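Grab a coffee and work through these exercises with the model open beside you. Try each task before you read its solution.

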Amino acid sequence: MTLTLDAPRIFQTKPLLSVDNVSKSYGAVHALRDVSAIAYPGEVLGIVGESGSGKSTLLRMMNLEEIPDKGRYTLDLPDVSGNLFDLDRFARRMLCATRIGIVYQNPHLGLLMKHSSSGNVAERLLVAGERSFATLRAKATTALEASEFPLERLDAPPIELSGGMQQRVQLAKAIALEPALLLLDEPTTGLDVSVQALVLDTLKRLQQDRQITMVIVSHDLGVIRTLADRVMVMRRGEVVEAGLADQIFQDPQHAYTQQLVHAKL
Amino acid sequence: MTLKTLTKPWEAMSYGFLDGSAKREMRRKMLKSVAVPGCQMPYASREVPMARGWGTGGLQVSLTLVNPETRVKVIDQGADDSVNAASIRRFIARVAGTPTTMDTLKADLIQSRHRIPEEVLSEDQILVLQVPNPEPLRPVQPNMSIARQMHADADYGRMWLQLYEQIVRSGRVMQGASYPSLVNGRHVMTPSPIPRWDVPKLHMAKHLTILSAGREKRIYAVPPFTRVEPLVFSDVPYKVEDHAKLTCHRSGATGFFMNEIPQDDGSSTHEVSDSEWGVKAIRVRDGEKVALGETWYKDGEMPQ
Amino acid sequence: MTAVLEIEGLTKAFTLHHLGNRIGAFSDITFSVDAGEFVLLKGANGAGKSTLLRTLYRSYLPQAGQVRFQSAHGEIDLARAAEVDIAHLRRTEIGFVTQFLTARPRVSAEAIVAEPLRLSGVAPERALEQAREALELFGVKPDLWQAYPTTFSGGEQQKVNLARALILPQKLLLLDEPTASLDAKARAALVTRLAELKSGGAAMIGVFHHPGDVEHLIDRIVDLTPDHFVEKDHTDVAV
């Protein structure tokens with residue numbers, strides 16, 4: 001056993017995101033069991049686990065796409081209060097559109113494949129009420145540029161783009177409104193290794209330039225290791241272990257984490 | 001209560017073709033649609049002796065609203081004398097005994113497809129528009145249950161996105177007819193397949209407009225003095241069709257919405273789309289004394 | 001002199017579930033380090049020198065003991081501190097210097113070195129300026145400053161890494177063989193910089209393959225007696 005981390009705190013940083021004791025079952029299947037997670041402002045929280053561990057369900061809940069059977073979800077932001085799981089559909093939609101960005105593994109979930117790439121980004125701004133064409137175009141271009149999308153393909157529909165480029169469009173859409181929270185669901189899974197490295201690099205840059213709080217879900221430890229400051233290991237709907245990224249990778253405590261880390265190394 | 005007490009005695013004919021309960025439902029739905037401008041209300045849409053898609057929605061509204069004194073005008077593509085318009089007009093007159101007219105100024109009720117007359121409608125007139133596709137969100141959201149939620153949430157981002165895409169692809173907004181418009185600052189409606197030219201006529205109009213889709217079973221309305229704003233970007237102004245400078249080759253009228261008539265030599269001439277307005281112009285030219293109403297457009301421009 | 005760091009009864013063992021093993025690294029270690037003091041860790045291979053450094057940095061979680069650190073925000077036990085506090089301290093007060101650079105594609109050498117300054121609020125221009133000075137000190141040629149260190153040789157990468165790790169004056173520096181495979185010029189630069197930081201009040205704990213490199217900096221030597229052992233722990237047999 002290691003020591004409990006119960007020393008009095010010396011920094012009074014409050015978490016931006018707190019998920020408390022969330023449970024969700026689908027019939028007899030427990031997708032999540034009393035899961036809690038926090039992310040501090042500017043921090044990257046990595047969630048690892050194999051498929052079926054509940055990590056993606058948890059992320060969808062953070063995007064309010066799914067509501068748990070019980071649990072609390074709060075974001076420490078101006079004008080945002082209470083348990084976000086209790087918000088009505090309208091408030092939920094506005095919150096997600098303006099404060100939370102998400103990148104899905106499957107670009108079909110996040111993009112209109114036949115609309116232009118810039119239009120996909122502009123949609124976010126339109127939902128938030130932007131009504132000037134010139135501004136839409138300029139802001140969409142800026143966001144695409146920040147996600148290192150080649151601007152000569154600005155108006156190409158995602159269906160004509162490679163997988164890596166589609167992820168960049170998703171990313172641009174996610175950051176267009178400068179959200180407080182960026183959620184990434186296996187953002188590089190299925191991409192070629194070289195493309196994967198470039199997309200990860202873009203994410204890393206964005207994180208450093210904008211100090212954006214991120215939650216990244218992946219079964220790939222390499223991805224988590226590259227990006228995360230803190231790591232949460234999930235298995236069968238429960239949190240197995242959580243800690244600073246270097247600690248989880250260098251000194252994993254739980255048998256399952258050790259197995260994961262050693263399988264990778 | 002037995003089925004017998006509930007069933008009305010057989011009648012050879014009901015006034016205005018529709019039976020009493022059908023008309024009562026229509027009236028209720030019309031009142032609802034007036035109460036929430038631009039919001040689509042579902043209704044039963046009874047059978048009428050006409051194929052769905054030929055104006056059955058408009059016809060049911062007209063048949064419900066008429067009484068023996070209502071002067072009815074019916075136009076199709078601006079013309080009173082096209083087959084469909086003439087048939088509907090005759091049908092209403094036959095089953096409701098209403099007088100008919102072609103003069104916009106004299107009509108109490110105008111049923112129309114594709115056009116709003118060029119003469120300004122007044123407080124005591126009702127415009128009934130036949131609508132083929134009442135759902136403005138259909139092109140962006142094929143799932144109608146989700147589309148209804150989007151209306152409820154005023155979630156119209158996708159509508160704007162459609163305009164954005166048109167400008168990106170073609171350099172301008174390509175939407176011709178059925179230009180999506182925000183009613184009373186709340187609901188986006190499709191103003192039936194009227195040209196862009198006619199949409200500003202609905203904005204703060206004195207008359208009541210009822211739009212009805214028989215096949216889709218939806219009714220909605222623009223009450224008098226209600227804002228109707230076409231969706232436009234703040235820096236890309238709304239443009240009507242470029243007809244202001246065109247002259248009608250038959251009546252000589254200029255500054256109105258025109259039909260293009262292709263000629264054998266490849267060129268084209270134009271004639272006023274609102275046929276009765278053209279007829280009036282010819283009669284004035286021939287020296288007849290004709291009452292001309294005020295027009296929405298003046299010298300091809302719509303005054304703000 | 002006041003102690004910046006007081007280590008008391010610190011114990012670290014690794015539990016390897018798949019072997020059912022518990023491997024002790026060190027146990028019951030007690031010593032303290034004052035501000036401006038340089039402590040050299042000594043001991044045979046496997047004595048737990050690097051492990052101790054990593055435990056102090058909290059890359060490893062200890063089993064017992066206290067690590068009282070006098071931070072600018074008050075005393076805190078690093079062995080039990082919350083992760084968020086540790087993350088904070090690592091950015092501002094506790095540095096870990098190794099020979100290895102964490103690869104960061106497409107970031108220039110000077111940007112990598114300037115980053116800790118930027119994060120601590122130094123203006124970007126000023127930070128870059130200081131970064132270039134540091135790179136120069138460690139003998140990285142100016143034509144490499146704008147290049148990406150991922151493409152550098154191991155030796156050059158190490159210089160960039162040292163420049164970065166030592167650019168901010170920190171309260172506590174943990175040095176894990178920073179001189180390994182450095183050329184003479186860079187080694188001299190490192191020693192100069194360490195001396196500078198030491199006289200500025202930084203407490204240092206170091207592991208050196210050739211302690212001779214830093215001989216004149218050493219104030220005290222702590223000998224970690226080798227007590228490497230493997231013991232069967234039946235309560236911890238793999239699940």
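**Exercise 1. Describe the contact between chain A and chain C.**

Start by counting residues on each side: 26 residues of chain A are in contact with 30 residues of chain C. Keep in mind that this is a predicted model.

Next, look up which elements supply the chain A side. Those giving two or more residues are helix H7 (193-210), strand S9 (238-244), helix H9 (245-250) and helix H10 (255-264) of chain A.

Last, sort that side of chain A by class, and you get 10 nonpolar, 9 polar and 7 charged residues.

**Exercise 2. Do the same for the contact between chain B and chain A.**

Here the count is 13 residues from chain B and 17 residues from chain A. Split the chain B side by class and it comes out as 7 nonpolar, 2 polar and 4 charged residues.

**Exercise 3. Work out how the three-stranded sheet in chain A is put together, and what packs on it.**

First, get the strand order. The sheet is open and its 3 strands run S2-S1-S4 in chain A, paired antiparallel.

Then find the edges: strand S2 (29-39) and strand S4 (70-75) of chain A each pair on one side only. As for how the strands lie, neighbours in this sheet are turned by 15° against each other on average, with direction ignored.

Now zoom in on one pairing. Strand S1 (residues 17-26) of chain A joins S4(A) in the antiparallel sense over 5 bridges. To get your bearings there, find A:Ser18, which stands opposite A:Thr74 in S4(A).

Finally, add the helix. Helix H1 (residues 55-62) of chain A packs on the sheet and touches S1, S2 and S4 of chain A. The direction of H1 makes about 60° with that of S2(A).

**Exercise 4. Judge whether chain B is as compact as a globular protein of its length.**

List the parts first: chain B has 8 helices and 11 strands.

Now compare sizes. The radius of gyration of chain B is 20 Å, close to the 19 Å that the globule rule gives for 304 residues, so chain B is as compact as a globular protein of that length. Along its principal axes, the C-alpha trace of chain B spans about 70 × 50 × 35 Å.

Two further numbers round out the picture. Buried residues are 44% of the 304 in chain B. Of the contacts in chain B with a separation of 6 or more, 62% link residues 24 or more positions apart.

**Exercise 5. Two residues that aren't glycine have a positive phi. Place each one and decide: buried, partly exposed or exposed?**

Take A:Leu64, with a phi of about 55°. This leucine is found in the loop between H1 and S4 of chain A. Count its surroundings: A:Leu64 has 18 C-beta neighbours inside 10 Å, so it counts as partly exposed.

Now B:Ser178, whose phi is near 55°. Look for this serine in the loop between helix H6 (157-170) and strand S5 (181-183) of chain B. B:Ser178 has 22 other C-beta atoms within 10 Å, so it is buried.

**Exercise 6. Check how confident the predictor is, overall and in chain C.**

For the whole model, the scores are ipTM 0.86 and pTM 0.86.

In chain C the mean pLDDT is 84, and 91% of residues reach 70 or more. Then look for the weak spot: over residues 228-239 of chain C the pLDDT is below 50. Beyond near neighbours in sequence, that stretch has 16 contacts in the model.

Technical notes:
Residues numbered from 1 in each chain as written. Chains lettered and ligands numbered in written order. Predicted model: local features only at pLDDT ≥ 70, side-chain atom pairs only at ≥ 80, totals over all residues. Contact = placed C-beta atoms within 7 Å. Nonpolar A, V, L, I, M, F, W, Y, C, P; charged D, E, K, R; others polar. Pairing = 2+ DSSP bridges. Helix = DSSP H or I, 4+ residues; strand = E, 2+ residues; numbered from the N terminus. Axes fitted to C-alpha atoms, helices over the stretch in contact; angles between N-to-C directions. Rg over C-alpha atoms; globule rule 2.2 N^0.38 Å. Buried ≥ 20, exposed ≤ 12 C-beta atoms within 10 Å, placed from the backbone. pLDDT = per-residue confidence, 0-100.
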